[in-house]
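Colleague: I have not looked at this one before. Can you walk me through it?
Modeller: Go ahead and ask.

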Amino acid sequence: MKKMKRLVAVLLAGIMALAMLTACGGGSFTPTSDVEKAEALYMDAYNTALGADYKNDAELKNQAKQFLEENLNADGTLKIDGKMTVTKKDGKVWTTVTILGSKNVPYGITSEELADTPANKDKAIAEARKNVNDTTKNITTGLAVGAVKKGDKVYVAIAMTKEVKLNGRSKNRSIR
């Protein structure tokens, strides 16, 4: 009887350890903050528009966040000397960072809008498709989304790396 209790205890401990390890998968992430929700929303939207499955590259994401911080006021408006888009060339790769919005007006998304994910996902995908043409699909080599909270809204910037190959040579371009 004692041996049976010990065997059952060991089996239960093993089952509990296995159950605990099954939740440790590498691909599952549930965004909790508004910033994380906005990043996940637009990452999904741009991956859909590009027909790709890019991961939110940490270095590009940091560049996008830094660009937002440098170019937006505390209330989310564009600084007087701020830019909506910047393109940098590093060797053979062009990196373009763009704040989402139009005509020098950054688009901010509220907590309430982020809570209504299905409606906003369709809107985000439609916006991404306007910004992604066939050339962009063919030359994009990396993608990231960075977001910052300013006031009661979250502002998003998209960072893409791009490379074009023409006539067997590599020619890099920035195409929005």
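Colleague: Over how many bridges do S6 and S7 pair?
Modeller: Strand S6 (residues 140-150) pairs with S7 over 10 bridges, in the antiparallel sense. Keep in mind that this is a predicted model. One pair in that ladder is Ala-144 with its bridge partner Ala-159 in S7.

Colleague: What sits in the turn of that hairpin?
Modeller: The hairpin of S6 and S7 has 2 residues between the strands, and Gly-151 takes a positive phi there, near 65°.

Colleague: Which strand does S7 pair with over 6 bridges?
Modeller: That is S2, and the pairing is antiparallel. Within it, Ile-99 stands opposite Ala-157 in S7. Strand S5 (residues 108-110) is also joined to S7, by 3 bridges, and these two run antiparallel as well. In that pairing Ile-109 has Val-154 of S7 as its bridge partner.

Colleague: Is S7 largely enclosed or open, and why?
Modeller: Strand S7 covers residues 153-162, and 9 of its 10 residues are buried, so the rest of the structure largely encloses it.

Colleague: Back to S2. Is Thr-96 buried or exposed?
Modeller: Buried, because its relative accessibility is 3%, and the cut-off for buried is under 20%. Thr-96 lies in strand S2, residues 93-99.

Colleague: What does the side chain of Thr-96 make a polar contact with?
Modeller: With the side chain of Thr-87, at 3.4 Å.

Colleague: Now the loop between S3 and S4. Which residues should I look at there?
Modeller: Lys-103 and Asn-104 are both placed in that loop. Strand S3 is 101-102 and strand S4 is 105-106.

Colleague: What is the phi of Lys-103?
Modeller: Near 45°, which is a positive value in a residue other than glycine. Asn-104 is not a glycine either, and its phi is positive at about 60°.

Colleague: Are those two buried or exposed?
Modeller: Lys-103 counts as exposed because its relative accessibility is 81%. Asn-104 is exposed too, with a relative accessible area of 52%, and the cut-off for exposed is over 50%.

Colleague: What does Asn-104 touch, leaving out residues up to four places away?
Modeller: Leu-78 and Met-84. The C-alpha atom of Asn-104 is also separated by 9.5 Å from that of Thr-85, and these two residues are 19 apart along the chain.

Colleague: Switching to helices. How far does H2 reach from end to end?
Modeller: Helix H2, residues 34-50, reaches 24 Å from its first C-alpha to its last. For its 17 residues, that is close to the 24 Å expected at 1.5 Å a residue.

Colleague: Is H2 mostly covered or mostly open?
Modeller: Mostly covered, with 12 of its 17 residues buried. Among them are Val-35, Leu-41, Met-43 and Leu-50. The buried set also includes polar or charged-looking names you may want to find in the view, such as Asp-34, Glu-39 and Asn-47.

Colleague: What follows H2?
Modeller: Gly-51 does, and its phi is positive, near 65°.

Colleague: How many helices and strands are there in the chain?
Modeller: The chain has 6 helices and 9 strands. It has 176 residues, and buried ones make up 35% of them.

Colleague: And what share of the contacts joins residues 24 or more positions apart?
Modeller: 64%, taken over the contacts in the chain with a separation of 6 or more.

Colleague: How much surface does the chain expose?
Modeller: About 11100 Å², of which carbon and sulfur atoms supply 55%.

Colleague: Where is the confidence lowest, and where is it highest?
Modeller: It is lowest in strand S9 (residues 169-171), at a mean pLDDT of 46, and highest in helix H3 (residues 58-71), at 92. Over residues 166-176 the pLDDT is below 50, and this stretch has 37 contacts in the model beyond near neighbours in sequence.

Colleague: What is the mean pLDDT of the chain?
Modeller: The mean is 79, and 76% of the residues reach 70 or more.

Methods: Residues are numbered from 1 along each chain as its sequence is written. This is a predicted model: local features need pLDDT of at least 70, side-chain atom pairs count only at pLDDT 80 or more; totals for chains, interfaces and linings use all residues. Side-chain values use heavy atoms; hydrogens and water are left out. Helices (H or I, at least four residues) and strands (E, at least two) are DSSP runs, numbered from the N terminus. Buried means under 20% relative accessible area, exposed over 50%, partly exposed in between (1.4 Å probe, protein chains only). Contact means heavy atoms within 4.5 Å. Accessible areas come from the Shrake-Rupley method with a 1.4 Å probe; for residues, only the protein chains shown count as cover. A polar contact is a pair of N or O atoms within 3.5 Å; within protein, one must be able to donate a hydrogen and the other to accept it, and residues adjacent in sequence count only if both atoms are side-chain atoms. pLDDT is the predictor's confidence in each residue, from 0 to 100. Two strands pair if DSSP finds at least two bridges between them. The expected span of a helix is 1.5 Å times one less than its number of residues.
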